[in-house]
Amino acid sequence: MSSRIEWTQETWNPIAGCTNVSEGCRNCYARNMSRRLAAMGQVKYSGLTVLRGNKAAWTGKIHFDENALLAPLKRKRATTYFVNSMSDLFHEEVREWMIAQIMAVAMLTPGHTYQCLTKRPERMQVLLSRPDFYETVIEFADELAAKHDFEYIPKWPLPNWWQGVSVEDQKTADERIPLLLDTPAAVRFISAEPLLGPIDLNRFLYVGPEGGWEYAYSRREMLHWAICGGESGHDARPMHPDWARGLRDQCLRADVSFFFKQWGEWAHRALVEDTRNDRCRLEFFPTLNATFACVGKKAAGDLLDGVQWHQYPAVAGAEVLA
């Protein structure tokens with residue numbers, strides 16, 4: 001499925017279905033999209049949501065799509081995939097063999113790049129650090145290679161697998177990023193979307209001696225990429241410009257690639273030139289001590305201080321364990 005997500009090329013959804021775990025899930029686009037797709041007759045999304053009041057809610061069911069699983073094997077052109085945009089790969093109801101098969105497909109297709117985000121870093125860290133899980137991935141890769149006539153060289157962590165965690169505020173950053181940094185991965189990244197508060201990343205970023213910062217992690221265990229964005233859609237919450245600027249400035253100092261995706265539904269009043277449009281609604285948010293204009297994602301745009309920040313990390317080489 002071609003993606004409208006600015007930082008990837010395609011979405012790849014062998015798994016569908018999820019449950020909420022934190023405030024960042026409140027207005028989950030995947031939950032609402034699953035509801036619409038089920039209503040359109042797509043069996044894959046049937047039973048994943050129910051209506052509570054007038055809003056969709058997850059049921060906790062997970063569907064594994066074997067046809068979707070094999071899609072990257074059939075694609076010749078090198079492609080960047082966002083893995084499971086309609087679920088969470090490390091959800092507790094996703095079986096280990098499902099995760100192993102998904103990573104086996106990635107192992108067989110080193111020309112593709114796979115970007116995986118999770119809000120469940122505890123399971124991610126444990127699973128991807130276990131030698132027996134790596135052996136299971138190899139077993140599935142061998143089976144798929146024999147069946148589909150692929151040749152491959154097993155490497156771990158997968159050089160083409162970018163592992164990330166979703167963080168929306170300081171609390172989730174402090175909980176999830178240390179587990180990400182303790183997880184074997186070629187590229188590690190965060191997605192701060194929706195960004196619901198300021199985030200101080202300094203303890204997770206590498207800065208050389210001239211920077212004068214103490215840090216708890218080695219260069220090999222650093223963050224490589226940070227995505228930032230405001231919330232869009234119905235009931236979206238505003239993002240203060242200073243929160244986005246703070247992430248940008250921290251990343252620039254630490255040589256971490258920074259991608260500003262969008263302002264979302266709301267733009268800070270100071271960033272809106274014309275508020276006379278009938279579609280523009282001004283509202284003061286006491287908790288942010290600022291006035292924002294509800295103008296929609298397209299009108300709010302993706303410029304941060306007049307600049308489009310679409311940086312990507314250089315693909316890092318991964319340690320070969322086999």
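**Exercise 1. Helix α7**

Which residues of α7 are buried? Determine this for the predicted model, and identify what covers them.

*Solution.* Begin with the extent of the helix: α7 covers residues 241-254, 14 residues in total, and spans 20 Å from its first C-alpha to its last, close to the 20 Å expected at 1.5 Å a residue. Next, list the buried positions, which are Pro241, Trp243, Ala244, Leu247, Arg248, Gln250, Cys251 and Ala254. Their cover includes the strands β9 (187-192), β10 (225-229), β11 (257-262), β12 (266-268), β14 (290-294) and β15 (303-304). Finally, inspect the residue that follows α7: aspartate 255 has a positive phi, near 60°.

**Exercise 2. Salt bridges of α7**

Describe the salt bridge between aspartate 242 and arginine 245, and place the pair in its network.

*Solution.* The closest N and O atoms of aspartate 242 and arginine 245 are 3.0 Å apart. Both residues belong to helix α7 and are separated by 3 residues, about one turn of the helix. An α-helix has 3.6 residues a turn, so residues three or four places apart point the same way. Aspartate 242 is partly exposed at 46% relative accessibility, and arginine 245 is partly exposed at 24%. The network of salt bridges links Asp242, Arg245, Arg248, Asp249 and Asp305.

**Exercise 3. Salt bridges between distant segments**

Which parts of the chain are tied together by the pair of lysine 261 and glutamate 193? Treat glutamate 96 and arginine 130 likewise.

*Solution.* The structure holds 22 salt bridges. In the bridge between lysine 261 and glutamate 193, the closest N and O atoms are 3.1 Å apart. Lysine 261 is in strand β11 and glutamate 193 in the loop between β9 and β10, so the bridge ties together parts that are 68 residues apart in sequence. Lysine 261 is buried, at 8% relative accessible area, whereas glutamate 193 is partly exposed, at 23%. For glutamate 96 and arginine 130, the closest N and O atoms are 3.0 Å apart. Glutamate 96 lies in helix α3 and arginine 130 in the loop between α4 (121-129) and α5 (131-148), 34 residues apart.

**Exercise 4. Cysteines 228 and 251**

Why is there no bond between the sulfurs of cysteine 251 and cysteine 228?

*Solution.* The search of the whole structure finds 0 disulfides. The cysteine sulfur nearest to that of cysteine 228 belongs to cysteine 251, 8.9 Å away. A disulfide requires sulfur atoms within 2.5 Å, so the sulfur of cysteine 251 is too far from that of cysteine 228 for a bond. Cysteine 228 is buried, with a relative accessible area of 0%, and cysteine 251 is buried with a value of 0%.

**Exercise 5. Aromatic pairs**

What geometry do the rings of phenylalanine 258 and tryptophan 309 adopt?

*Solution.* The search of the whole structure finds 19 aromatic pairs. In one of them, the rings of phenylalanine 64 and tryptophan 97 have centres 5.2 Å apart and planes at 80°, so this pair is edge-to-face. For phenylalanine 258 and tryptophan 309, the ring centres are 6.3 Å apart and the planes are at 70°, so the pair is edge-to-face. Phenylalanine 258 is in strand β11 and tryptophan 309 in the segment after β16 (307-308), 51 residues apart. Phenylalanine 258 is buried at 0% relative accessibility, and tryptophan 309 is buried at 15%.

Key. Residues numbered from 1 in each chain as written. Predicted model: local features only at pLDDT ≥ 70, side-chain atom pairs only at ≥ 80, totals over all residues. Heavy atoms only, no water. Helix = DSSP H or I, 4+ residues; strand = E, 2+ residues; numbered from the N terminus. Expected span 1.5 Å × (residues − 1). Buried < 20%, exposed > 50% of the residue type's maximum accessible area, 1.4 Å probe, protein only. Contact = heavy atoms within 4.5 Å. Phe/Tyr/Trp six-rings, centres within 6.5 Å; stacked < 30°, edge-to-face > 60°. Salt bridge = Lys/Arg side-chain N within 4 Å of Asp/Glu carboxyl O.
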